[in-house]
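This report walks through a structure with two chains in view, moving from overall make-up to selected details. Please keep the sequence and the 3D view at hand while reading.

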Amino acid sequence: MAAAQKGDGGAYERLLTSLLAPLRAFVRRRGVDAGEVEDVVQEILILMHRARHTWRADRPFEPWMWAIARNASTDALRRQGRERSRRRIGTELPGERSLEELASPGEANPEALLTTSELTPALTEALSRLPASQREAVELLYVEQLSVAEAAARAGVSQSALKVRAHRGSRALREVLRGEGEP
Amino acid sequence: MSAGRSSEELIAGLSERLEPVRPLAPLHRQVLVVASAWILSAAAVALWLGMQPLGVVERGAVSGLLVTGLALIGLAGLTLGLAARIPGRERLALAAAAAAAAGVALVIGLGLALPGSVTDAGPLAEWRVCFERSLLLAIPSGVFAVVLALRAAPWRERAAGLGLGLGAMALGALLVHLSCPSPKPWHWLLAHALLPLGCGVPLGLLAAWVLHRLDSIRHLGV
């Protein structure tokens with residue numbers, strides 16, 4: 001991890017790959033639905049990536065890693081519970097789950113909705129209702145899966161501006177899908 | 001997520017774009033930074049209003065216990081706010097939460113045990129001045145603490161925000177208590193503890209919202 005903090009991508013890849021099996025076993029033991037285990041493992045990896053600067057070489061690695069794994073799997077279990085109760089009362093909106101996740105750091109990555117499958121007609125319609133700058137940012141980051149730097153270069157704006165546009169676009173998209181009017 | 005790509009592909013993607021990061025400062029150093037901001041505020045108060053640390057203790061047990069309660073909530077709240085954002089420091093965060101709760105219980109217990117009623121606190125104008133000063137003096141340590149929390153892991157915004165809000169307000173109120181010449185215990189309790197701490201909760205929720213929004217923006221596309 002110390003090498004990874006210095007930017008050594010090879011060391012980082014080896015470390016994360018070596019953690020896959022124990023993380024999968026941990027998530028299964030926590031009672032996450034079998035179909036969601038891989039999703040939760042990926043959430044843990046993303047959270048570890050985002051928080052990698054919080055590990056310090058003078059402290060052990062494992063408690064740090066398991067704390068992240070526990071937190072992400074607890075979030076996943078809560079989400080499962082919410083989804084089950086929503087399904088029970090039949091109020092789930094198409095695409096709502098993933099858009100809820102857009103606003104929740106530590107939960108699933110926003111890429112999920114826009115990249116894992118074909119865009120649904122509802123999502124295409126919702127995207128078309130966003131202001132052009134926000135739509136472009138959302139499409140570059142999530143549909144085309146460019147990095148922030150690449151997306152910012154393509155849009156001709158700073159990285160911060162692109163992030164703000166994408167954030168606003170995600171929020172507006174959620175509102176449109178929830179039927180709360182114009183973005 | 002897994003329908004789109006495998007975990008191995010995700011790891012390859014994260015490793016490919018890996019940028020060096022500066023490790024977060026150790027927790028004790030973060031607490032020292034916030035404490036330094038508080039000490040600077042204390043110096044400003046000493047120059048502006050004058051401090052009477054010995055006088056506070058001479059005013060009796062209620063004053064001494066209030067100082068203890070506020071100091072406990074301040075230190076424990078800020079520690080909770082900072083530790084909650086660091087993976088692997090959950091035990092410390094829990095211990096700090098328990099200490100902050102003990103401080104709140106002490107202040108509430110003082111209120112329940114104090115003879116007389118809230119009308120003994122004096123005119124509204126007096127409370128307002130002390131309350132507004134608490135709010136003002138909470139800003140330096142609160143802002144430093146939120147900036148440090150923002151540098152840490154993007155999670156547990158609510159626990160962190162509430163800890164920081166209560167802690168910063170308690171430290172601000174402590175400075176007000178150390179400089180206020182009022183001899184009235186109900187004034188101390190109301191204007192130096194209950195109102196500032198009550199205000200610390202919505203401020204903490206506001207801090208949590210700020211952390212949540214800035215975390216969301218900072219990690220878009222990662």
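The text below takes the chains as wholes, then a helix, a contact between chains and two single residues.

This is a predicted model, in which local features need pLDDT of at least 70 and side-chain atom pairs count only at pLDDT 80 or more, whereas totals for chains, interfaces and linings use all residues. Residues are numbered from 1 along each chain as its sequence is written, while chains are lettered from A and ligands numbered from 1 in the order in which they are written.

**The two chains**

Helices and strands are DSSP runs numbered from the N terminus, a helix being H or I with at least four residues and a strand being E with at least two. A residue is buried if 20 or more other C-beta atoms lie within 10 Å of its own, exposed if 12 or fewer, and partly exposed in between, with C-beta atoms placed from the backbone. Two residues are in contact if these C-beta atoms, placed from the backbone, lie within 7 Å. The table sets out the chains in these terms.

| Chain | Helices and strands | Residues and buried share | Contacts with a separation of 6 or more that join residues 24 or more apart |
|---|---|---|---|
| Chain A | ten helices, zero strands | 183 residues, 42% buried | 61% |
| Chain B | eight helices, zero strands | 222 residues, 48% buried | 86% |

Along the principal axes, the C-alpha atoms of chain B fill a box of roughly 70 × 35 × 30 Å.

**Helix 5 of chain B**

Helix 5 of chain B covers residues 90-113, and its 24 residues should span 34 Å at 1.5 Å a residue, which agrees with the 34 Å between its end C-alpha atoms; the expected span is 1.5 Å times one less than the number of residues. The buried residues of this helix are B:Ala93, B:Ala96, B:Ala100, B:Gly103, B:Val104, B:Val107 and B:Leu110. They pack against helix 4 (61-83), helix 7 (157-179) and helix 8 (185-218) of chain B.

**A helix pair between the chains**

Helix 3 of chain A (residues 37-50) and helix 1 of chain B (residues 7-16) have axes that come within 10 Å and cross at roughly 15°. Axes here are lines fitted to C-alpha atoms, for helices over the stretch in contact, with angles from 0 to 180 degrees between N-to-C directions. The two helices are therefore roughly parallel to each other, a term for angles under 35 degrees. On the chain A side the contact is made by A:Glu38, A:Val41, A:Gln42, A:Leu45 and A:His49, and on the chain B side by B:Ser7, B:Leu10, B:Ile11 and B:Leu14. These residues divide into five nonpolar, three polar and one charged, where Ala, Val, Leu, Ile, Met, Phe, Trp, Tyr, Cys and Pro count as nonpolar, Asp, Glu, Lys and Arg as charged, and the others, Gly among them, as polar.

**Two buried residues of chain B**

B:Trp38 lies in helix 2 (residues 27-48) of chain B, and counts as buried because it has 26 C-beta neighbours inside 10 Å. Leaving aside neighbours within four places in sequence, B:Trp38 is in contact with B:Ser141 and B:Leu171. B:Ser141 is 103 residues from B:Trp38 along the chain, yet their C-alpha atoms are separated by 5.5 Å.

B:Arg156 is found in the loop between helix 6 (124-151) and helix 7 of chain B, and its 25 C-beta neighbours inside 10 Å mean that B:Arg156 counts as buried. Although it is not a glycine, B:Arg156 has a positive phi of about 50°. Most residues other than glycine have a negative phi.

Technical notes. Parallel < 35°, antiparallel > 145°, perpendicular 65-115°, else oblique.
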